[in-house]
Amino acid sequence: MIRFFKQLYLNNILFYCIIGVIFLFILAYLFPMFYNAAWYVLYILLAFLIIDTLLLFASGKKIIGNRIMSEKLSNGDENEINIVINNQYSFPIYSKIIDEIPFQFQQRNFEVKRKIKAFGKDNYTYLLRPTERGEYSFGNLNIYAASPLRLVSRRFTYNKNQMVPTYPSYMQLRKYDLMAFSNNLFQYGLKKIRRIGHTMEFEQIKDYVQGDDLRTINWKATAKKSQLMVNQFQDEKSQNVYMIIDKGRVMKMPFNGLSLLDYAINATLVLSNVILKKQDKAGMFTFSKKVENRVVAEKRQSQMQQIMESLYNIKTDFFESDFSRLYIDVKNHINQRSLIMLYTNFETLDGLYRQLPYLKGIAKNHLLVVVFFNNTELDELIQQKSNTVQEIYDKVIAEKFAFEKRLIVNELRKYGIYSVLTKPENLTLDTINKYLEIKARGIL
């Protein structure tokens, strides 16, 4: 009996009917001729109420619902959540779906109304975009089913307390998977990479075809074969590539709901996959007050899973980053010359000058690429039309900060340090392109 009352809900139509009956009794007080009619209407309403309740509760048939989603959510991407409902009743039902979405999304008014045919099936899909890594707990999937009379509803509850982890953007990982095998990336809006020279890793001797570099002609093989033969070289492989993520204060700034730190984490995951597909060794670690989340550069089969787990477990209090500790750690633990992609952010030249001695120290033994961010909000402010003195002042200050970003690029170039200045939303594309450019030019 307690279970019955927990599942029974009165609909608004029933209350409207009750209000109508009360109005009839009030009218009968003024006009006695309506007295009997009011009682007839009340009896009919009670009869329909009993019939409606029996239709929903008397039979063993019911509504079966299920929330279907992937085992993990992709951070910063639109994730599909599917709700499947099977109607086992012999009549159409009017359903109201209330899914208890995790509190991180702050959606407290989720409600969907659907009509489902007799013995029918219905699918409903909605999207969720998480902006934080971690565990997301879904509550109950509540389905309120009403018969065609729609006086009462019966509640069905499914998928109680379903926990789903949110990992770095594995959707981007799939999107850019094929980029590892081509330097022609026009479809992604990237510049064409011009190959300069070649490495000294010999692959084979092959027949000359039009377009081959004349400098690679093998004259001894040509004399033996009596036709032009050329040496073919391949890209150097098994080179170490480390991605270092600054998880200090400068990476806390949010853009489109995602912090710079999470943009860097998503880009690191995708770039790691490209590196491994290019037969290089991918490694990573993070730093703030100390160096953490270390994954040694390897190219074993489990490397991507290890990197993904390390990226998922990154935690920070956004303290001031200690670049001196980073320099000491790189010097002690990375002995072989490596490509180092350093994700950080500099807003002013003064901020760069404080850390420049340590960056120069790292660049002496490794190929260092500093990846930092354009402030897109400043760019929007610069593009706006100024109408007041205050707006003109704000625009001049914004242009000053934007100009300092370009000065930082030039300052790094003076000391042989490569850089990528990018918008947060273009970070993944630009870092992949820089890595492929370095590989094509044989700089490492």
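This section describes a cavity, a pocket and a pair of packed helices in a predicted model.

The whole structure was searched for cavities of 30 Å³ or more, and 1 was found. The largest cavity has a volume of about 40 Å³. Its lining consists of Glu 347, Asn 374, Asn 375, Leu 378, Asp 379, Phe 401, Ala 402 and Lys 405. Two helices, α10 (376–383) and α11 (389–414), each provide at least two of these residues. The greatest contribution comes from α11, with 3 residues. The lining of the largest cavity is mixed in class: 3 residues are nonpolar, 2 are polar and 3 are charged.

The second largest pocket has a volume of about 400 Å³. Strands and a helix both contribute to the lining of this pocket: β1 (8–10), α2 (12–30), β5 (93–99), β6 (112–116) and β9 (141–146) each give two or more residues. In total, 16 residues line the second largest pocket. Nearest its centre lie Asn 11, Lys 96, Lys 113, Arg 150 and Ser 153. By class, the pocket lining comprises 6 nonpolar, 4 polar and 6 charged residues.

Helix α7 spans residues 303–312. Of its 10 residues, 7 are buried, so the helix is largely enclosed by the rest of the structure. The buried positions in α7 are Gln 303, Met 304, Ile 307, Met 308, Ser 310, Leu 311 and Tyr 312. Burial here means a relative accessible area under 20%.

A packing partner of α7 is helix α6, which covers residues 260–277. Packing of two helices is described by the angle between their axes and the distance between the axes. For α6 and α7, the angle is about 170° and the axes are 10 Å apart. Angles over 145 degrees count as roughly antiparallel. The two helices, α6 and α7, are therefore roughly antiparallel to each other.

On the α6 side, the contact is formed by Ile 265, Thr 268, Leu 269, Ser 272, Asn 273 and Leu 276. These meet Gln 303, Met 304, Ile 307, Met 308 and Leu 311 of α7. The residues of this contact divide into 7 nonpolar and 4 polar, with no charged residues. The α7 residues Gln 303, Met 304, Ile 307, Met 308 and Leu 311 thus appear both in the contact with α6 and among the buried positions of the helix.

How values were computed:
Residues are numbered from 1 along each chain as its sequence is written. This is a predicted model: local features need pLDDT of at least 70, side-chain atom pairs count only at pLDDT 80 or more; totals for chains, interfaces and linings use all residues. Side-chain values use heavy atoms; hydrogens and water are left out. On a 1 Å grid over the protein atoms alone, a cavity is a set of points where a 1.4 Å probe fits but cannot get out, and a pocket is an open set with protein on both sides within 12 Å along at least five of seven lines; lining residues have an atom within 4 Å of a point. Grid points are joined across faces, edges and corners, and a volume is the space filled by probe spheres set on the points. Helices (H or I, at least four residues) and strands (E, at least two) are DSSP runs, numbered from the N terminus. Ala, Val, Leu, Ile, Met, Phe, Trp, Tyr, Cys and Pro count as nonpolar, Asp, Glu, Lys and Arg as charged, and the others, Gly among them, as polar. Buried means under 20% relative accessible area, exposed over 50%, partly exposed in between (1.4 Å probe, protein chains only). Axes are lines fitted to C-alpha atoms, for helices over the stretch in contact, and angles run from 0 to 180 degrees between N-to-C directions. Angles under 35 degrees count as roughly parallel, over 145 as roughly antiparallel, 65 to 115 as roughly perpendicular and the rest as oblique. Contact means heavy atoms within 4.5 Å.
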